[in-house]
Amino acid sequence: MNQQAKTERIKNIFSSNQMIVIYIIAGMLILIAGINPSAFGPATFIDTGRSMLTMLMFALCEMIVIISGGIDVSFPAFATFCMYATTKLMVTAGIDGVLLSFVIAGAMGLGLGLLNGFLVGTCKIPTLIATLGTSSLIHGALLSFVGVNDITNLPPQMDEVGKQYLFQVQTDAGVSSMSIFIILPIVLCVIVWLLLRYTMLGRSIYAIGGDVNSAQRAGFNVKRTQYFIYMFVGVIVGIGGMTYTLLARNANTTQLMGSEMMVIAAVVIGGARITGGHGNVLGTILGVALINIVSNNLIVMGVPTYWQTFLIGLLIIVGVIITSVKAKRVALAPKI
């Protein structure tokens with residue numbers, strides 16, 4: 001590799017989407033520290049990590065769908081249904097067990113994901129329309145038969161695990177604790193990274209997002225890949241919903257609804273192109289981190305909610321502009 005190629009490679013690394021998000025995060029942290037020095041400490045990072053937990057699981061699922069050329073808005077409804085139905089079943093049947101709750105919620109998510117897979121893979125309905133329909137169907141059915149309801153009397157093991165911590169840090173303001181459930185998104189990040197980087201299935205997901213017809217001509221089974229995507233997403237969303245319940249120690253029929261835009265924002269800010277074919281795990285992690293740093297610290301500083309919404313919207317626009325500009329530069333760059 002000649003010197004010019006090395007220089008160009010280094011330049012591309014420091015101007016990548018991930019580095020741009022890192023610059024923004026660093027700038028936000030410096031700004032926050034200047035306004036409120038007490039917010040810049042270990043407690044803040046632990047609280048941010050804890051608040052990222054379920055959002056990161058949902059964002060990784062959304063990232064896979066966006067890479068494949070779709071947009072999934074059904075995951076809040078699916079997660080809500082899985083966590084509420086699983087908790088209700090276990091309370092009514094008098095059964096207990098954290099692992100069992102994950103298995104049941106994951107199985108429910110698998111069935112709901114199969115429904116999305118059928119609509120997208122077999123019926124060829126555009127993903128946004130299909131998932132908008134299943135979201136309304138599932139959450140509407142939940143509200144129709146159950147209404148706005150809370151389950152707070154979780155079985156003993158499920159209730160107790162929400163109070164288990166991986167580690168705790170003593171600060172001036174008290175004790176900050178990191179839930180043991182932080183292990184779940186970490187493991188999921190590794191699984192998704194390996195899937196996308198080292199498997200033929202991962203290549204198929206990128207290929208479909210780039211161009212479905214080209215993917216078919218290249219020999220990829222588009223239908224089978226789409227079924228896998230939505231079934232995999234369904235399982236993880238079900239587990240993510242159950243994780244939310246165990247952390248909050250209650251199951252609610254409405255609490256997760258409306259979170260889809262924040263998750264999509266995090267994925268887009270992390271560098272995934274809304275048109276498909278591009279995205280990675282590191283970018284999604286950084287996007288989720290940025291959204292949570294902004295949201296958590298603006299709340300602490302007393303900034304009104306509508307300004308938070310404004311800033312998140314601005315970040316989405318900036319993220320889309322950056323990915324579009326970089327895509328045009330790559331397309332116009334001379335081929336070496």
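Visitor: Where does Lys-124 lie in this predicted model?
Guide: The model is a predicted one. Two helices frame the position of Lys-124: helix H5 covers residues 98–122, and helix H6 covers residues 127–145. Lys-124 belongs to the loop between H5 and H6.

Visitor: Is Lys-124 buried or exposed?
Guide: A residue counts as exposed when its relative accessible area is over 50%. Lys-124 has a relative accessible area of 53%, and is therefore classed as exposed.

Visitor: What is the phi of Lys-124, which is not a glycine?
Guide: Most residues other than glycine have a negative phi. Lys-124 is not a glycine, yet its phi is positive. The value for Lys-124 is about 60 degrees.

Visitor: Which residue in the loop between H11 and E4 has a positive phi although it is not a glycine?
Guide: The loop in question runs between helix H11 (222–248) and strand E4 (251–252). The residue has a positive phi of about 60 degrees. Its relative accessibility is 31%, so it counts as partly exposed. The residue is Arg-249.

Visitor: How many salt bridges does the structure hold?
Guide: Side chains of opposite charge can pair when their charged atoms come close. One such pair is Asp-159 with Arg-249, and another is Glu-160 with Lys-163. The number of salt bridges in the structure is 2.

Visitor: How far apart are the closest N and O atoms of Asp-159 and Arg-249?
Guide: A salt bridge requires a side-chain nitrogen of Lys or Arg within 4 Å of a carboxyl oxygen of Asp or Glu. Asp-159 and Arg-249 form a salt bridge, with their closest N and O atoms separated by 3.2 Å.

Visitor: How many residues apart along the chain are Asp-159 and Arg-249, which form a salt bridge?
Guide: The salt bridge between Asp-159 and Arg-249 links distant parts of the chain. Asp-159 is in helix H7 (residues 156–161), while Arg-249 is in the loop between H11 and E4. The two are 90 residues apart.

Visitor: Which residue of the pair Asp-159 and Arg-249 is buried?
Guide: Buried means under 20% relative accessible area. Arg-249 has a relative accessible area of 31% and is therefore partly exposed. With a relative accessible area of 18%, the buried residue is Asp-159.

Visitor: With which residue does Glu-160 form a salt bridge?
Guide: Glu-160 counts as partly exposed at 39% relative accessibility. Its partner is also partly exposed, with a relative accessible area of 33%. The closest N and O atoms of the pair are 3.3 Å apart, and the partner of Glu-160 is Lys-163.

Visitor: Which element supplies the largest share of the nonpolar patch on the surface?
Guide: The patch is formed by Leu-166, Phe-167, Ile-183, Val-187 and Ile-191, with about 420 Å² of accessible area together. Strand E2 (165–171) and helix H8 (183–198) each supply at least two of the residues. Phe-167, for example, lies in strand E2 and is partly exposed, with a relative accessible area of 38%. The largest share, 3 residues, comes from H8.

Visitor: Which residue forms a polar contact with the side chain of Ser-204?
Guide: Ser-204 is placed in helix H9 (residues 200–210) and is buried, with a relative accessible area of 3%. Not counting residues up to four places away in sequence, Ser-204 touches Phe-220 and Thr-225. The polar contact, at 2.7 Å, joins the side chain of Ser-204 to that of Thr-225.

Visitor: What distance separates the C-alpha atoms of Asp-211 and Gly-277?
Guide: Asp-211 is found in the loop between H9 and helix H10 (212–217), and is partly exposed at a relative accessible area of 36%. Asp-211 and Gly-277 are 66 residues apart along the chain. Their C-alpha atoms are separated by 7.9 Å.

Visitor: On which residue is the kink in helix H3 centred?
Guide: Helix H3 covers residues 42–67 and is mostly covered, with 21 of its 26 residues buried. Just after H3, Gly-69 takes a positive phi of about 95 degrees. The kink within H3 is about 45 degrees and is centred on Leu-53.

Key: Residues numbered from 1 in each chain as written. Predicted model: local features only at pLDDT ≥ 70, side-chain atom pairs only at ≥ 80, totals over all residues. Heavy atoms only, no water. Bend = angle between axes of the 7 residues up to and from the residue. Helix = DSSP H or I, 4+ residues; strand = E, 2+ residues; numbered from the N terminus. Buried < 20%, exposed > 50% of the residue type's maximum accessible area, 1.4 Å probe, protein only. Patch = residues over 30% accessible without salt bridge, like charges linked within 9 Å, V, L, I, M, F, W, Y side chains within 5 Å. Areas by Shrake-Rupley, 256 points an atom, 1.4 Å probe, with all protein chains shown as cover. Polar contact = N/O pair within 3.5 Å; in protein donor to acceptor, adjacent residues only side chain to side chain. Contact = heavy atoms within 4.5 Å.
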